[in-house]
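Biologist: Could you take me through this model and tell me what stands behind each label? I would like to see the reasoning, step by step.

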Amino acid sequence: MIYKFLSVAACCAVIGGCSGEEAVAEEARVALTSPDTANPDRDVYFGDLHIHTKNSFDAYIFNVRTTPDDAYEFGMGGTIKHPLGYDLKLEGPPLDFMAVTDHAAYLGHLEAMNTDGTALSKLDMAKAMFSTDPEKIVAAFQLIGGAVRDGVKMKGVYDPDIVQNVWQQTVNSADKYNQPGKFTTFAGYEYTSVRVTRGEEGGFAGGNLHRNVIFRGSAPAMPFATLDSTNPEDLWTWMDDQREAGNDAISIPHNSNVSDGEMFKMETYDGQPLTKAYALKRMRNEPIVEITQVKGTSETHPSLSPNDEWADFEIYDKLLGSQVTSKTAKGDYVRQALANGLKLALTIGADPFHFGFIGSSDTHVAGGSFDEKNFWSKIGIVDGSPEARGSIPPGGKKSWEGVTVEPRAANWFSRWSASGYAAVWAEQNSREAIFDAMRRKETYATTGTRIKLRFFGGFGFDEAMLDDPQMVSKAYKGGVPMGGDLVGATAPGFIVWAMRDAMSAPLQRVQIIKVWNDGGEAKEKVFDVACSDGGTPNANFRCPDNGAKVDLSNCAISTDKGAPELKTFWRDPEHRAGQRASYYVRVLENPVCRWSTWDALRAGVPPNPALPKTIQERAWSSPIWYVPTA
């Protein structure tokens with residue numbers, strides 16, 4: 001589906017007339033289908049590249065029985081079932097592209113273990129593996145999860161024939177549902193490496209090094225799993241070999257926020273110094289990173305960005321499968337990694353953190369939960385109800401007084417997010433065009449809203465371009481889009497154009513985040529560059545508060561505040577000749593109720609006082625890098 005963004009007048013004509021105030025406040029996105037011919041100015045497509053079904057061990061254990069086919073039906077607008085029995089359906093239009101990315105480690109093994117007559121069903125461990133009791137389920141998860149994270153092929157359990165058979169079914173499902181021009185599907189899987197860094201009583205704690213591997217077209221007979229090697233550099237070597245064999249792929253890291261400093265550390269997996277060859281190999285295979293999903297946001301952390309008022313957003317810092325908090329934010333967040341990459345570009349001659357951004361869901365019930373007012377969490381029966389995820393008091397209580405929230409709900413489920421989407425700018429909706437857009441990093445991430453976001457940089461840009469009907473074409477010809485490098489000696493100019501999602505809140509502000517490295521020290525600055533409601537940035541580069549509010553008694557939002565679109569030209573007022581820098585856009589909507597507040601409202605109880613009551617949905621563009629010629 002191509003999204004056509006119509007004028008206010010055209011929107012009113014489509015919906016049968018509306019007042020001027022309604023038109024401005026509720027600028028509609030009208031999604032129209034049209035023949036998907038190649039567009040040289042490119043269209044935006046929204047998708048999800050991180051989806052689990054029953055074939056993942058940590059979905060089947062939690063009573064998920066939906067298939068890759070079910071996942072694609074959901075993405076196309078269909079209805080599927082949650083393990084607790086209720087319906088799951090997208091709130092908005094169908095998705096444009098998807099990939100099912102089940103864990104390659106022990107792919108399909110849990111279903112085989114739960115099928116009478118199979119060799120795996122006769123194992124002693126099979127007797128304790130399947131339950132509807134949350135305590136037994138979590139214990140079973142730790143058993144199989146421990147083997148996955150240790151990279152162990154359990155004797156008598158691991159069966160490569162099962163992996164190969166289920167992987168081929170996954171590839172076949174993607175091929176069956178792929179409809180060029182309408183709905184694009186990719187073969188993919190998750191590489192589930194964890195660097196076990198610390199033990200804890202009754203389990204483990206480790207740094208997440210997970211990646212999703214997405215194939216452009218053809219796929220190999222077997223995936224490369226963490227059971228083959230826990231070192232991501234070995235994954236990249238395998239991907240290089242596959243590329244030579246005709247199976248092009250990219251790897252997309254996710255949840256760096258719980259990597260315990262491992263994902264973007266300044267050394268190799270084995271503790272060796274980074275080299276130019278390492279950087280080139282990583283960027284050849286990992287051009288983009290997933291920065292928002294159900295398990296939180298990986299943009300930045302308040303401890304790393306104390307002058308960024310919006311840094312404390314959906315922070316999740318519990319190491320996977322544990323109650324242990326990540327020991328450091330350093331090495332976990334993309335903004336700091338961008339600054340370190342600029343330093344490495346000078347010291348080793350290449351930047352291993354020269355990546356673009358996407359979002360995705362990481363749903364484990366085959367359908368992503370993107371909407372705050374219709375949240376079904378992540379993993380199945382243990383978090384599928386408001387009480388289980390800690391958003392309403394247990395046992396039918398109407399007050400939080402004296403309530404102690406169960407640890408898993410307090411530390412995991414209640415801190416999860418209704419997020420996110422991958423957005424790409426491509427010539428058409430096809431595997432080739434969308435994959436190539438991801439490789440060139442013309443992508444952005446959203447928290448579940450479908451904001452339309454353009455970002456260009458160039459040396460010949462000026463403010464007059466904003467009124468030019470050919471602005472986009474001229475920006476492509478005279479500059480670079482998000483994900484590009486600007487090489488020159490003078491200060492670049494930037495064009496930002498954001499348009500709201502009519503099913504979400506109006507836009508509040510547009511920001512450009514500048515990242516650079518000064519004498520080996522990471523530096524950053526947030527500039528508000530476009531303000532809603534007639535505001536202009538002050539001397540500290542901040543927009544005035546536009547006064548948008550949320551009524552917590554019914555979650556109604558202000559309808560007379562905010563903008564349907566924000567478009568601006570900006571040149572860095574603190575540009576320094578010869579200094580490398582990266583710039584990316586962050587778009588903020590007006591506040592809305594967080595999903596946990598919606599849960600409480602429907603139950604007729606106060607929101608959990610330990611959780612944020614509102615959030616600001618947002619989008620992040622991939623960076624543009626300024627590379628001085630001198």
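Modeller: Happy to, and keep in mind that the model is predicted. Let us start with C531 and C543, which form a disulfide.

Biologist: What makes C531 and C543 a disulfide?

Modeller: Their sulfur atoms are 2.0 Å apart, and the cut-off is within 2.5 Å, so the pair counts as a disulfide. C531 lies in strand 22 and C543 in the loop between strand 22 and strand 23, so the disulfide ties together parts that are twelve residues apart in sequence.

Biologist: Why is the disulfide of C531 and C543 called left-handed?

Modeller: The torsion about its S-S bond is about -85°, and therefore the disulfide is left-handed.

Biologist: How do you know whether C531 and C543 are buried or exposed?

Modeller: Buried means under 20% relative accessible area. C531 has 11%, so C531 is buried, and C543 has 9%, so C543 is buried too.

Biologist: How many disulfides does a search of the whole structure find?

Modeller: The search finds two. The other pair is C555 and C593, with sulfur atoms 2.2 Å apart, and because the limit is 2.5 Å, this pair also qualifies. The S-S torsion is about -95°, so this disulfide is left-handed. It links C555, in the loop between strand 23 and strand 24, with C593 in strand 27, 38 residues apart. At a relative accessible area of 7%, C555 is buried, and C593 counts as buried at 1%.

Biologist: Back to the loop between strand 22 and strand 23, where D533 lies. Why is D533 called partly exposed?

Modeller: Its relative accessibility is 42%. Partly exposed lies between 20% and 50%, so the label fits D533. Its phi is near 55°, a positive value in a residue other than glycine. F541, in the loop between strand 22 and strand 23, also has a positive phi, near 60°. Most residues other than glycine have a negative phi.

Biologist: What makes F46 and Y444 an edge-to-face pair?

Modeller: The ring centres are 6.4 Å apart and the planes stand at 85°. Pairing needs centres within 6.5 Å, and edge-to-face needs planes over 60 degrees apart, so both conditions hold for F46 and Y444. F46 lies in strand 3 and Y444 in strand 16, so the pair ties together parts 398 residues apart in sequence. Both F46 and Y444 are buried. F527 and F541 are edge-to-face as well, at 4.9 Å centre to centre and 65° between the planes. F527 is in strand 22, and F541 is 14 residues apart from F527, in the loop between strand 22 and strand 23. F527 is buried, with a relative accessible area of 0%.

Biologist: How do you know that K567 lies over the face of W497?

Modeller: K567 is 4.2 Å from the ring centre, and the distance cut-off is within 6 Å. K514 lies over the face of W516 in this way, at 4.8 Å.

Biologist: And what makes you say that both faces of strand 6 are covered?

Modeller: F97 and A99 on one side and M98 and V100 on the other are all buried. Strand 6 runs parallel to strand 3, with three bridges joining them, and parallel to strand 7, with four bridges. M98 is the bridge partner of D48, while V100 stands opposite A187 in strand 7.

Conventions:
Residues numbered from 1 in each chain as written. Predicted model: local features only at pLDDT ≥ 70, side-chain atom pairs only at ≥ 80, totals over all residues. Heavy atoms only, no water. Buried < 20%, exposed > 50% of the residue type's maximum accessible area, 1.4 Å probe, protein only. Helix = DSSP H or I, 4+ residues; strand = E, 2+ residues; numbered from the N terminus. Pairing = 2+ DSSP bridges. Phe/Tyr/Trp six-rings, centres within 6.5 Å; stacked < 30°, edge-to-face > 60°. Lys NZ or Arg CZ within 6 Å of the ring centre and 35° of its normal.
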